[in-house]
Amino acid sequence: MDIEQLRQLQAVADRGTVSAAAESLHISQPALSRSLARLERELGCALLDRSGRRIALNHAGKTALEYARSILHEERLMRIALSDLANRARSLTVGTVAPAPLWRLTALSVERFPERMLSSRTMRQQDVEREVIDRGLDLGISRKPLHYPAVRCCRLMDEDLAVSVPNGHPLASRDSLTFADVDGEDFLLFGNIGFWRGLVDEKMPHSDFLVQEDRVVFEQLSLTSPLLGFVTNAAYLAGEMSGRTVVPLEDAEAHVSFYLLAHREASKQALELFDWIEAHADAKENGEHHGKES
């Protein structure tokens, strides 16, 4: 007796005829009939009452079906559990303070480990540090290096913030700006920007922010909105912005370095990726400075 025979018994009970059950199982009717007869021999009793083309489970068949359904249910649960286990083995959990360095990490990961998946959470700086130390995260992306004996740390990338100004706006002619210069201006802002949101709220208390959570809608609005916006030089956001001028921000807070963190006793998969990033991130980052709405 095997799982497939139990699945066939269930199909016959559900469909009512061997032909309908065979069609649902994508096998021939004679093959299904032979398999059911073999199951009855193995169990030592008849399971089906046959009357012409239609068949029905007898008392023994109904009893067998109850056990078959239970076994098939457990088999499905087993497959789900094993699939989840396999996915966890291929997946790394990453905590990040901002989206752009996560995209960079993902691009580097796909380049070297295309079968590996990254599951991410946007977190506060202190939470990233704590979770890496406590091994609640496989990897962390931090705004500052973490000097802790149990943690490895390497530079991942730099990100510079600038202002996207519609052509014709008085600020479009400026060579550079500060947060103070644009405090009080209205901005179109993408929702998931991590720590950057707290920074602009702090530096620009008199500005109003129209926040858009949907990335596609945000990018469409960025092309037509008269509002100011922020741009980043992260290479994964590269692209021309017709009708807008990018003006750099002078403030030191607008220029951030990001660091990759991993516990020294992290999983083999996490440390393999960390080693790859440590060896290649700096080289990949050189020369990749373009702007797009962020």
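Is threonine 96 buried or exposed, judged by its relative accessibility? Let's keep that in mind while we walk through a few spots in this predicted model.

1. **Threonine 96.** Here is the reply to the opening question: threonine 96 has a relative accessibility of 1%, so it counts as buried, since buried means under 20%. You can find threonine 96 in strand S3, which covers residues 91-96. Setting aside residues up to four places away in sequence, threonine 96 touches Pro101, Leu102, Arg121, Thr122, Met123, Val128 and Ile141.

2. **Helix H1, end to end.** Now turn to helix H1, made of 13 residues, 3-15. From its first C-alpha to its last, H1 reaches 18 Å, close to the 18 Å expected at 1.5 Å a residue. Have a look at both ends, too. Aspartate 2 caps the N-terminal end of H1, with a side-chain oxygen 3.1 Å from the backbone nitrogen of glutamate 4. After H1 comes glycine 16, which has a positive phi, near 90°.

3. **Buried residues in H1.** Try colouring these residues on your screen: Gln5, Leu6, Gln8, Leu9, Gln10, Ala11 and Val12 are buried in H1. Notice that glutamines are in that list, alongside leucines, an alanine and a valine.

4. **H1 against H3.** Which residues of H1 meet helix H3? They are Gln5, Gln8, Leu9 and Val12, and their partners in H3 are Leu32, Ser35, Leu36, Arg38, Leu39 and Glu42. Those four H1 residues also appear among the buried ones. H3 spans residues 29-43, and the two helices pack at an angle of about 110°, their axes 10 Å apart. H1 and H3 are therefore roughly perpendicular to each other, as angles of 65 to 115 degrees count that way. Their crossing is left-handed.

5. **Asparagine 167.** Finally, visit the loop between strand S6 (151-166) and helix H7 (179-182), where asparagine 167 sits. With 47% relative accessibility, asparagine 167 counts as partly exposed, because that label covers values between 20% and 50%. What does asparagine 167 contact, leaving aside its neighbours within four places in sequence? The answer is Gly243, Arg244 and Thr245.

6. **A link between distant positions in sequence.** Let's follow one of those partners, threonine 245. Asparagine 167 and threonine 245 are 78 residues apart along the chain, yet their C-alpha atoms are separated by 6.0 Å. Their side chains also make a polar contact with each other, at 2.6 Å.

Terms used:
Residues are numbered from 1 along each chain as its sequence is written. This is a predicted model: local features need pLDDT of at least 70, side-chain atom pairs count only at pLDDT 80 or more; totals for chains, interfaces and linings use all residues. Side-chain values use heavy atoms; hydrogens and water are left out. The expected span of a helix is 1.5 Å times one less than its number of residues. Buried means under 20% relative accessible area, exposed over 50%, partly exposed in between (1.4 Å probe, protein chains only). A polar contact is a pair of N or O atoms within 3.5 Å; within protein, one must be able to donate a hydrogen and the other to accept it, and residues adjacent in sequence count only if both atoms are side-chain atoms. Axes are lines fitted to C-alpha atoms, for helices over the stretch in contact, and angles run from 0 to 180 degrees between N-to-C directions. Angles under 35 degrees count as roughly parallel, over 145 as roughly antiparallel, 65 to 115 as roughly perpendicular and the rest as oblique. A crossing is left-handed if the near helix is turned anticlockwise from the far one by less than a right angle, and right-handed if clockwise. Contact means heavy atoms within 4.5 Å.
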